[in-house]
Amino acid sequence: MKTALVTGASRGIGSAVAVALAQMGYAVVINYNKSKDRAENLAKVIAESYKIPALAVKCDVSIPEQVSEMFSTIKENFGGVDVLVNNAGISSQKILTDITVEEWKNTMAVNLDGAFYCSKEALPYMISKKQGSIINISSMWGQVGASCEVHYSTAKAGLMGFTKALAKEVAPSNIRVNAVAPGVVMTDMMSSFDENTVAELKEETPLQRLGTPKNIADAVAFLVSDKAEFITGQVLAVNGGFVI
Ligand code: NAP
C-alpha cells in the first residue's frame, strides 16, 4: 500500500486532501501542529470509513528537527511516503511597514521552509523507488501579489519557483512535482475577513462563488493520479477564474 503525507491536515484544505487521498487507497499521515483532537479524529474517521491505515503525527513544519522526527515515525510505520502534499500554511493581513521581522520569518518558515524540510526528508525514499509525487499548495496571491499580504505572497511565489526547479531536478527519478494555486476557499484562514470583504471576493470571482476545500482536494487528487503522469513542474490554478 502506498502512503501519503499531508502537512497541516487537521483542518480546512489539508483535511479534505487527506480524505481524497484515502479514497484513492493511500494510507495517510495527517500532520498537525496545534489541532491534536481534530487530527486524531480525522485519522479515526478515515481508518474506519476507508479501512486503510491513518496516523496523526504532531510536527511544526517550520522546525527541521521536528520534521526529521516526523519522518522517523513515518519510516517506522510505513517505510516512507510515496506522495507528499506540502499544505501547512499561515497568513495574516497587514501593510509591509507593520510586518515585524518575526512575522516575516515565521511566514516564510511555515509556508516555504516547511516544504523544503519535508521534501528533503521525503525524497531519498522516493528516489530509491523511482516514483513519487510532491504537491505544493501555493496561492493565487503568489501568482499576482496581494496588497497587505506581501510576506504571504512572497512565500507562495517562492513555492512556485521551488516547484519548478525541483520538478526539473527529480524528473529523471520519475518523481513529479506540481503546485496548486487556490483562489478564495472558505476555511478558518478566511475567518479574519469580515462578511463584506468575503462577499466582495465572491463577486470578484467570475464563477460567482467561493471555493471549497474539496475543490482543491480534487485538483490534488488529479495531479497525484496516473491521469497526470506526464504533468510536472506545473501550477494548477483552482480559483473560479479570479486569476487567469
Ligand atoms: P487553515 O484552515 O487555516 O488550516 C491551516 C492548516 O495548517 C492547519 O491544519 C494547521 O494545523 C496547519 N499548520 C499551520 N501552521 C503549521 C505548522 N507550523 N506546522 C504544521 N502545520 C501547521 O488553512 P487552509 O485555508 O486550509 O489553508 C491550507 C493551505 O492552502 C495553506 O497553505 C494556505 O496558504 C493555502 N491557501 C488557502 C487559501 C484559502 O482561501 N483558504 C487560498 C490559497 C491558498 P494546526 O491547526 O494543527 O496547527
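# Exercises on a Predicted Structure

Arg11 has a relative accessible area of 36% and is partly exposed. The model in which this residue is examined is predicted.

## Exercise 1: A salt bridge across the sequence

Determine which residue forms a salt bridge with Arg11, and which parts of the chain the pair ties together.

**Solution.**

Step 1. The partner of Arg11 is Asp188, and the closest N and O atoms of the two are 2.8 Å apart. Arg11 lies in the loop between strand 1 (3–6) and helix 1 (12–23), while Asp188 lies in the loop between strand 6 (175–182) and helix 7 (195–204), so the salt bridge ties together parts that are 177 residues apart in sequence.

Step 2. The distance satisfies the criterion, because a salt bridge requires a side-chain nitrogen of Lys or Arg within 4 Å of a carboxyl oxygen of Asp or Glu.

Step 3. Asp188 has a relative accessible area of 39% and is partly exposed.

Step 4. The pair also belongs to a network of salt bridges, in which Arg11, Arg38 and Asp188 are linked.

## Exercise 2: Two further salt bridges

State how many salt bridges the structure holds, then describe the pairs Glu103 with Lys94 and Asp218 with Lys214.

**Solution.**

Step 1. The structure holds six salt bridges. As a general principle, side chains of opposite charge can pair when their charged atoms come close.

Step 2. In the salt bridge between Glu103 and Lys94, the closest N and O atoms are 2.7 Å apart. Glu103 is partly exposed at a relative accessible area of 26%, and Lys94 is partly exposed at 25%.

Step 3. The side chains of Asp218 and Lys214 meet in a salt bridge at 3.0 Å, from N to O. Both residues lie in helix 8 (residues 213–224); because they are four residues apart there, about one helical turn separates them.

Step 4. Asp218, at 39% relative accessibility, is classed as partly exposed. Lys214, at 52%, is classed as exposed, because the exposed class begins over 50%.

## Exercise 3: The surroundings of the ligand

Find how many residues surround the ligand, and identify what kind of atom Val61, Lys156 and Gly183 each place beside the ligand.

**Solution.**

Step 1. The ligand is surrounded by 32 residues, and the closest are Ser35, Asp60, Asn87, Tyr152 and Thr187.

Step 2. Val61 contributes a backbone N or O atom, which lies 3.0 Å from a nitrogen atom of the ligand.

Step 3. Lys156 contributes a polar side-chain atom, 2.8 Å from an oxygen atom of the ligand.

Step 4. Gly183 contributes a backbone N or O atom, 3.5 Å from an oxygen atom of the ligand. The ligand taken alone exposes 900 Å², of which the protein buries 95%.

## Exercise 4: Thr3 and Phe78

Decide whether Thr3 is buried or exposed, and list the residues that Phe78 touches.

**Solution.**

Step 1. Thr3 is placed in strand 1. Its relative accessibility is 2%, so Thr3 counts as buried, because the buried class lies under 20%.

Step 2. Beyond its neighbours within four places in sequence, Thr3 is in contact with Tyr26, Ala27, Val29, Phe78, Gly80, Val81, Asp82 and Val83.

Step 3. Phe78 is found in helix 3 (residues 64–78). Not counting residues up to four places away in sequence, Phe78 touches Thr3, Ala27, Val29, Pro53, Leu55 and Tyr125.

Step 4. Met24 and Phe78 are 54 residues apart along the chain, and their C-alpha atoms are separated by 17 Å.

## Exercise 5: Positive phi values

Locate Lys51 and Gln208, and give the approximate phi of each.

**Solution.**

Step 1. Lys51 lies in the loop between helix 2 (36–50) and strand 3 (54–58). Its phi is near 55°.

Step 2. Gln208 lies in the loop between helix 7 and helix 8. Its phi is near 60°.

Step 3. Most residues other than glycine have a negative phi. Lys51 has a positive value although it is not glycine, and Gln208 likewise has a positive value.

Step 4. Lys51 is exposed, with a relative accessible area of 68%, whereas Gln208, at 46%, counts as partly exposed.

## Exercise 6: A nonpolar patch

Name the residues that form a nonpolar patch on the surface, and locate Val150.

**Solution.**

Step 1. The patch consists of Leu96, Trp104 and Val150, which together have about 250 Å² of accessible area.

Step 2. Val150 is found in helix 6 (residues 150–170). Its relative accessible area is 34%, and Val150 is therefore partly exposed.

Technical notes: Residues are numbered from 1 along each chain as its sequence is written. This is a predicted model: local features need pLDDT of at least 70, side-chain atom pairs count only at pLDDT 80 or more; totals for chains, interfaces and linings use all residues. Side-chain values use heavy atoms; hydrogens and water are left out. Patches are made of residues with over 30% relative accessible area and no salt bridge: like charges are joined within 9 Å, nonpolar side chains (Val, Leu, Ile, Met, Phe, Trp, Tyr) within 5 Å. Accessible areas come from the Shrake-Rupley method with a 1.4 Å probe; for residues, only the protein chains shown count as cover. Helices (H or I, at least four residues) and strands (E, at least two) are DSSP runs, numbered from the N terminus. Buried means under 20% relative accessible area, exposed over 50%, partly exposed in between (1.4 Å probe, protein chains only). A residue is near a molecule or strand if one of its heavy atoms lies within 4 Å of it. A polar contact is a pair of N or O atoms within 3.5 Å; within protein, one must be able to donate a hydrogen and the other to accept it, and residues adjacent in sequence count only if both atoms are side-chain atoms. Contact means heavy atoms within 4.5 Å.
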